[in-house]
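This report describes selected local features of one structure for a reader who has not met it before. Please consult the sequence and the model shown below while reading.

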Amino acid sequence: MPLKKAAESSLGPPRNKTPQWLQRILVGAGLLVVGKWAASLSSSGWMSDSTLDHVKDSVGGQSSDPYLSTLTEPWSKITPSKEIEYHDCFGDFQCARLDVPMDWNNTEPGDPRVGLAVIKIAARVPVTDSRYGGLLWVQIGGPGSSGVDFIIKHGKTYQMIVDSDVDPSLDDIDIHISPKYYDILGMDPRGVNNTTPRYSCFPTAASRDIWSLQSGAQGISGSSDDAFNNIFERTKALSEGCSKRVAGGENVEDKLAYHMNTTPVVADMVEVLERHGQWREKQALASIGQSSGHYATAAKARTKWQKGKEKLLYWGLSYGTVLGANFATMQPHRIERAVIDGVADAEDFARGEWFTNLQDTDKIIPKVCEYCDRAGPDKCDLYTEGGGQAISDKLEDTVNSLYENPIGVPATGSMAPDLITYSDIMSAIRPALYEPIGYFPDLARMLNDLSKGNGTSLAMAKQASQRVSTPSEECLDAPPYAPGCRTPGPETQLAILCTDGDFRTHGMSKADYGAYADELRRQSRWLGESWAHIRMQCVGYDVRPKWRVPGPFTGQTANPMLILGNTHDPVTPIRNAHTMASRWPGSVVLTSDSEGHCMFSSPNLCMARYIRKYFQTGGTPPKGTVCEANERPFIGVTKPPEEGEEALLERLRSDARRYFE
């Protein structure tokens with residue numbers, strides 16, 4: 001609702017009603033953009049449209065049908081094993097499924113197991129090469145987002161940053177330089193995507209689609225007098241239904257809910273590290289064979305499996321920073337290098353409160369409106385004379401006008417009729433705050449059209465991405481909740497975050513919840529309502545994890561961590577980075593002077609240089625270092641690359657436009 005009405009209201013927050021059309025465009029991997037990714041998970045594909053396109057472009061001979069899962073094919077042919085066995089997949093990637101206990105504290109034979117889906121980009125040198133740097137684990141957020149999906153889209157950018165910029169094929173290099181080259185790994189956590197068993201609270205994918213369509217049509221809290229009551233009861237019904245199914249214990253898939261929180265995922269990570277060490281040693285021995293001499297002896301020593309002591313090289317984003325904090329608490333001696341990017345307060349997360357995320361959110365739109373003013377009308381459709389404040393006022397007035405006056409859009413020869421509402425535009429603003437460079441130009445065009453009473457551009461965006469689930473023949477004939485036909489959705493996120501929290505939300509009254517939501521609205525006009533839904537999901541969720549480390553999240557790691565933050569981040573303010581650093585002695589905060597969520601939302605070569613140095617040498621930047629971004633929304637490149645960095649800048653610019661897709 002408009003700002004004044006929102007401030008006066010005591011209504012509770014929405015179930016994050018990012019409409020299905022927008023979810024399909026914006027597949028979220030940032031920290032808990034609640035439900036943003038959910039509808040992108042097609043009934044058989046469990047991937048975003050952009051990932052599908054990426055795979056189609058890079059893998060010859062793959063099916064181009066978006067409803068025939070490109071990702072399912074390799075995984076269904078890989079049997080989970082207790083040792084890592086990598087198989088070629090998706091062109092130049094390698095996939096594995098690792099068999100681990102569902103309950104790490106009960107590993108008797110016959111107990112339920114989990115098949116972890118792991119994907120890797122191989123290092124540019126063999127493991128026997130002295131320049132092999134090890135395995136860098138990259139973990140995206142959500143929770144509930146796919147690490148496999150993320151590595152397919154962005155893994156090569158990470159490799160480009162952390163690897164030495166010296167071509168490994170060159171022989172005549174400075175003998176004092178010791179470049180390193182890394183494997184890049186991602187994993188689908190428990191219950192997510194291609195890791196099995198999958199967690200689901202809906203009997204079929206179609207039933208989830210119907211639920212999502214109903215939710216989208218209902219709008220966000222505050223968009224009508226009845227919205228909050230309906231949203232609260234619908235969300236509670238979903239959570240209670242999930243809980244009852246888990247309590248019934250009808251099958252192994254439902255028992256997974258007791259083991260989806262972050263603590264057992266840390267144990268999964270340790271197992272992956274150990275088994276990769278085992279794989280590394282086997283690869284080296286197979287390569288060296290019966291060779292002897294100094295080179296063979298040195299290679300065997302470097303690649304030897306350090307049983308129980310394998311170290312972690314890590315880059316965690318958003319919720320991945322919570323996972324990183326849990327790992328550093330439980331396994332501090334294993335931290336070799338750890339970059340924590342877009343920091344969530346792990347203590348606040350474990351309390352299930354979500355009070356420390358929105359402190360900088362509403363600073364972003366004024367900044368972006370300043371860039372719009374500097375860029376002028378040729379680059380920013382929302383431009384109006386009077387400076388950044390005038391543009392900000394135009395944006396606000398346009399959004400508010402839709403509360404009372406939705407815009408009907410008549411059908412055309414290629415588009416069905418539609419209705420553009422206040423809920424639609426508020427949902428469109430959220431991803432623009434996460435990725436201003438990628439989404440604000442389109443948002444500005446839509447807002448300018450809306451200011452003139454024209455909703456066509458927003459309607460076209462909605463309809464271009466709307467799809468209907470098409471289950472396979474097998475799943476059409478399968479009974480409800482059939483394991484092979486389960487598809488993950490927003491309840492995967494619910495199962496993780498509600499069992500990570502301290503459970504005070506369960507049974508929360510509607511009145512108490514309204515007061516909580518009001519506080520978040522005071523923190524942020526633009527994200528307060530949707531952010532409050534994170535906690536609402538847990539009101540009816542009565543599942544207690546079997547193993548949970550509640551904190552405190554602090555300690556002394558074997559090596560210092562490098563902690564990244566943006567000056568204007570919508571959901572992980574820079575103060576969280578400093579809070580994290582204060583809990584981990586020796587850690588250093590590196591700041592990007594930019595808008596958006598996590599480092600990659602704005603191309604920043606200065607940040608990339610420091611991160612490369614950290615992974616190459618362990619060196620950290622001077623305390624208080626702030627890096628200027630190379631590109632600004634609307635304006636374009638404001639800081640040209642240094643010689644030799646042109647390719648990396650273009651890669652970063654490309655990723656900034658599709659990072660959380």
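## Local environments in a predicted model

In this predicted model, a polar atom of the Glu310 side chain lies 2.9 Å from the backbone nitrogen of Gln306. The side chain of Glu310 also makes a polar contact with the side chain of Arg280, at 2.8 Å. Glu310 is located in the loop between α10 (294-303) and β6 (312-317). Glu310 counts as buried because its relative accessibility, 7%, is under 20%. Apart from neighbours within four places in sequence, the residues in contact with Glu310 include Leu273, Gly277, Trp305 and Arg334.

A second buried position is Cys89, with a relative accessible area of 6%. Cys89 belongs to strand β1 (residues 87-89). Its C-alpha atom is separated by 6.5 Å from that of Pro74, although the two residues are 15 apart along the chain. When residues up to four places away are not counted, Cys89 touches Pro74, Gln94 and Cys95.

Aromatic rings provide a further theme. The whole structure holds 17 aromatic pairs. One of them is the tilted pair of Trp315 and Phe600, with 5.9 Å from centre to centre and 55° between the planes. Trp315 lies in strand β6 and Phe600 in the loop between β11 (588-595) and α23 (605-617), so this pair ties together parts 285 residues apart in sequence. Both Trp315 and Phe600 are buried. They belong to one aromatic cluster, which also contains Phe150, Tyr158, Tyr182, Tyr614 and Phe615.

Charged residues over aromatic rings are listed below.

| Charged residue | Ring | Distance to ring centre |
|---|---|---|
| Lys120 | Tyr86 | 4.5 Å |
| Arg535 | Tyr516 | 4.6 Å |

Technical notes:
Residues numbered from 1 in each chain as written. Predicted model: local features only at pLDDT ≥ 70, side-chain atom pairs only at ≥ 80, totals over all residues. Heavy atoms only, no water. Helix = DSSP H or I, 4+ residues; strand = E, 2+ residues; numbered from the N terminus. Buried < 20%, exposed > 50% of the residue type's maximum accessible area, 1.4 Å probe, protein only. Polar contact = N/O pair within 3.5 Å; in protein donor to acceptor, adjacent residues only side chain to side chain. Contact = heavy atoms within 4.5 Å. Phe/Tyr/Trp six-rings, centres within 6.5 Å; stacked < 30°, edge-to-face > 60°. Lys NZ or Arg CZ within 6 Å of the ring centre and 35° of its normal.
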